[in-house]
Amino acid sequence: MTQTVRIAAGQGFWGDWLEAPVRQVTGGPVDYLMMDYLAEVTMSIMQKQKSRDPLLGYAKDFVPLMERILPTLAQRGIKVTTNAGGVNPRACAEAVAALARRLGLAGKLTIGVVSGDDLLGRLDDLLARGHGLKNLDTGRPLGDVRDRVQSANAYLGATPVVEALGRGADIVITGRVTDTGLTLGPMMHAFGWRRDAWDLLAAGTVAGHTIECGAQCTGGNCLVDWERVPDLANVGYPIVEARPDGSFDVTKHPGTGGRVTVAGVTEQLVYEMGDPRAYITPDCVADFTTIQLTQVGKDRVRFAGIKGRSATDKLKVSIAYGYGYKAVGTLVYAWPDAYAKARRADQVLRRRLADLGLEFEAIVTEFVGVDATHGRLASAAGVPVDLPEVQLRVGVRARELAPVERFTREIAPLILNGPPSVTGFAGGRPKPEEIVAYWPALIDKREVQPCVDVVAV
Amino acid sequence: MRGRGRGLREASDGRTVGPSDRKGKVLLLDLAHARSGDKGDTANVGLIARKPEYYAHLVKHVTAARVARHFKGMITGPVERFELPNLRALNFLLHGALDGGGTISLKTDAQGKVFSTALLRMMVEVPR
């Protein structure tokens, strides 16, 4: 049996550092490159792109990235697991296959495609058969927003990824597979872990959670001792060195920047955490209160002792729907009395919005430099009178576009007809933005059949 | 205790206030570090003891009720607390913290990314 498998994280989200995956596959030995591209609302953006062009609907950045690294992957035998496929994993796979042929890799590459997560076309059938797809947060039935739904995807786990690898795939391109499943899958495949080996699956899930946000566990966005995190310009992305017994190390390539410490890794473990005893995935329920961390070397933290429980009989469904519109306008006020001027401008603006009879679901004012991130906690002890500048930031939200559109025309006039010493309007009039909101729900697992296709290029 | 050179703040009445004004209390930032994220309209704050011996102190003093008081008026729902003694960490769920959360929220910190630092402003008893 394979003794150690090295899984490198290359992207923490769609838009992460383009150099990271290249450095991961060239900076030292790795067996797998794992890349997470999907956030909750990403699927609806991709669904829109696909509706305009049936060849789109996936993370487009993935293809030029593959162009840079495919020869290295083929030469070194590095496999890829990624959910870059979005709502069109097949089109993504075809684009990569065409690229591979162009690079002279025909006959040398096998691509696995995981689909079956897309429920958009099945929603009415599911609702008709009594699946309420109730909002997990509010308890409301999906019927409330059915006519505004833009995408609906079940979160698949590691199982279809394991199947694709088992059938020889070098690159596994998926739709909405969980971030953690992309890391757990290679471990299950390499070590032959059973689908009911709950402690092992929990260990692989914790490994996935640790590296799914890329450099956030190797010194990026790390608060503890942040001033002394070395060479962030050259930050190394995380690598899991997994073993068959479920223990694993998190480390990074030698010579890279950043830092892997127990304290820094712990910050990532608690990121987006709910009940730590029940981290629920399609594969298992991991218990984060069982994780034992040890610093076993420079930039190397060992994970052991992880326990898990059986998976539930549900899958989470991520539904995106049109909620309404919003816009945010900003102006910057300068010393003297920067904060007082910004407050006065806010009062003037709100009065004008009221006089126009505009109705909003919410108007939120923040004074950036005073209270935007810490609210009254920051201003309670008093605001310095000599602040060099304060940014007034006003956001509005409405179900209809018209009041939001009108709001965007009320910011610029304040420059000439409001309080003085105002600047920072180079960006022009704020743009109304459609709000695509997130509707989390559950569905019975037996309603969702993952589909795995494996094709030789 | 970490010696950090935080400047004194000038209050609205011109007098200076700082840690020295609060006898026997220290900024939570000196005892713990933290990271936060979101789930819908809920912000989570993971609070991690800077030294192993601080963990029991945090468990005793940084209660859910106290955190709820700290954020009073800033969140609309309850506060839940979970203990992770193995990581010397506490996880707080602050419900109704993000003006609807995600894409709905109009806040700068719509995803609660820096809510953690707002908790670290809390003044707590000095550990013995």
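Colleague: Which domains does the domain assignment of chain A give?

Modeller: This is a predicted model. The centres of the two domains named below, taken over C-alpha atoms, are separated by 39 Å. The assignment for chain A gives domain 1 (5-117 + 155-312) and domain 2 (322-438).

Colleague: Which strand of chain A does strand S14 (residues 314-334) pair with over twelve bridges?

Modeller: S14(A) has five bridges to strand S5 (residues 149-154) of chain A, in the antiparallel sense, and A:Val149 has A:Tyr321 as its bridge partner there. With strand S16 (residues 389-398) of chain A, S14(A) forms ten antiparallel bridges. The twelve bridges, also antiparallel, join S14(A) to a further strand, in which A:Glu434 is the bridge partner of A:Tyr325. That strand is S18 (residues 433-444) of chain A.

Colleague: Which residue of S17(A) stands opposite A:Val332?

Modeller: Strand S17 (residues 422-423) of chain A pairs with S14(A) in the antiparallel sense over two bridges. On S14(A), A:Leu331 stands opposite A:Leu392 of S16(A). For A:Val332, the residue opposite in S17(A) is A:Thr423.

Colleague: Which residues have the most contacts inside the largest nonpolar core?

Modeller: This core has 151 residues, and its largest share, nine residues, comes from S14(A). It draws at least three residues from each of domain 1 (5-117 + 155-312) and domain 2 (322-438) of chain A. In soluble globular proteins, nonpolar side chains tend to be buried together. The residues with the most contacts inside the core are B:Leu47 and B:Leu94.

Colleague: How many residues are in the other core, the one that includes A:Leu331 and A:Ala338?

Modeller: This core lies apart from the core of 151 residues. Among its members are also A:Val390 and A:Leu392, and A:Leu392 is the residue that A:Leu331 faces across the pairing with S16(A). The number of residues in this other core is 15.

Colleague: In what order do the four strands of the open sheet of chain B lie?

Modeller: The pairing in this sheet is antiparallel. Strand S4 (32-39) and strand S6 (79-84) of chain B each have a single partner strand, so they stand at the edges and one side of each is left without a neighbour in the sheet. Neighbouring strands are turned by 20 degrees against each other on average, direction ignored. The order is S4-S5-S7-S6.

Colleague: Which residue of S5(B) is the bridge partner of B:Ala34?

Modeller: S4(B) pairs with strand S5 (residues 42-49) of chain B in the antiparallel sense, over eight bridges. The partner in S5(B) is also named among the residues with the most contacts inside the largest nonpolar core. The bridge partner of B:Ala34 is B:Leu47.

Colleague: Which element supplies the largest share of the side of chain B that touches chain A?

Modeller: In all, 36 residues of chain B are in contact with 46 residues of chain A. Strand S1 (9-10), S4, S5, S6 and strand S7 (89-94) of chain B each supply at least two residues of that side. By class, the side has 14 nonpolar, twelve polar and ten charged residues. The largest share, six residues, comes from S4(B).

Colleague: How many helices and strands does chain B have?

Modeller: From the N terminus on, the elements of chain B run β-β-β-β-β-α-α-β-β-α-β. Of the 128 residues of this chain, 42% count as buried. The counts for chain B are three helices and eight strands.

Colleague: How many of the eight residues of helix H9 (residues 262-269) of chain A are buried?

Modeller: The buried residues of H9(A) are A:Ala263, A:Gly264, A:Val265, A:Thr266, A:Glu267, A:Gln268 and A:Leu269. The helix is therefore mostly covered, and a residue counts as buried if 20 or more other C-beta atoms lie within 10 Å of its own. The number buried is seven.

Colleague: Why does A:Ala39 count as partly exposed?

Modeller: A:Ala39 is found in the loop between strand S2 (32-35) and helix H2 (42-52) of chain A. A:Trp14 is 25 residues away from it in sequence, yet the two are 7.9 Å apart in space, C-alpha to C-alpha. A residue is buried at 20 or more other C-beta atoms within 10 Å and exposed at 12 or fewer. A:Ala39 falls in between, because the number of other C-beta atoms within 10 Å is 16.

Conventions. Residues are numbered from 1 along each chain as its sequence is written. Chains are lettered from A and ligands numbered from 1 in the order in which they are written. This is a predicted model: local features need pLDDT of at least 70, side-chain atom pairs count only at pLDDT 80 or more; totals for chains, interfaces and linings use all residues. Two strands pair if DSSP finds at least two bridges between them. Axes are lines fitted to C-alpha atoms, for helices over the stretch in contact, and angles run from 0 to 180 degrees between N-to-C directions. Two residues are in contact if their C-beta atoms, placed from the backbone, lie within 7 Å. Ala, Val, Leu, Ile, Met, Phe, Trp, Tyr, Cys and Pro count as nonpolar, Asp, Glu, Lys and Arg as charged, and the others, Gly among them, as polar. Domain bounds come from an automatic or database domain assignment. A nonpolar core is a set of buried Ala, Val, Leu, Ile, Met, Phe, Trp, Tyr and Cys residues joined through C-beta atoms within 7 Å.
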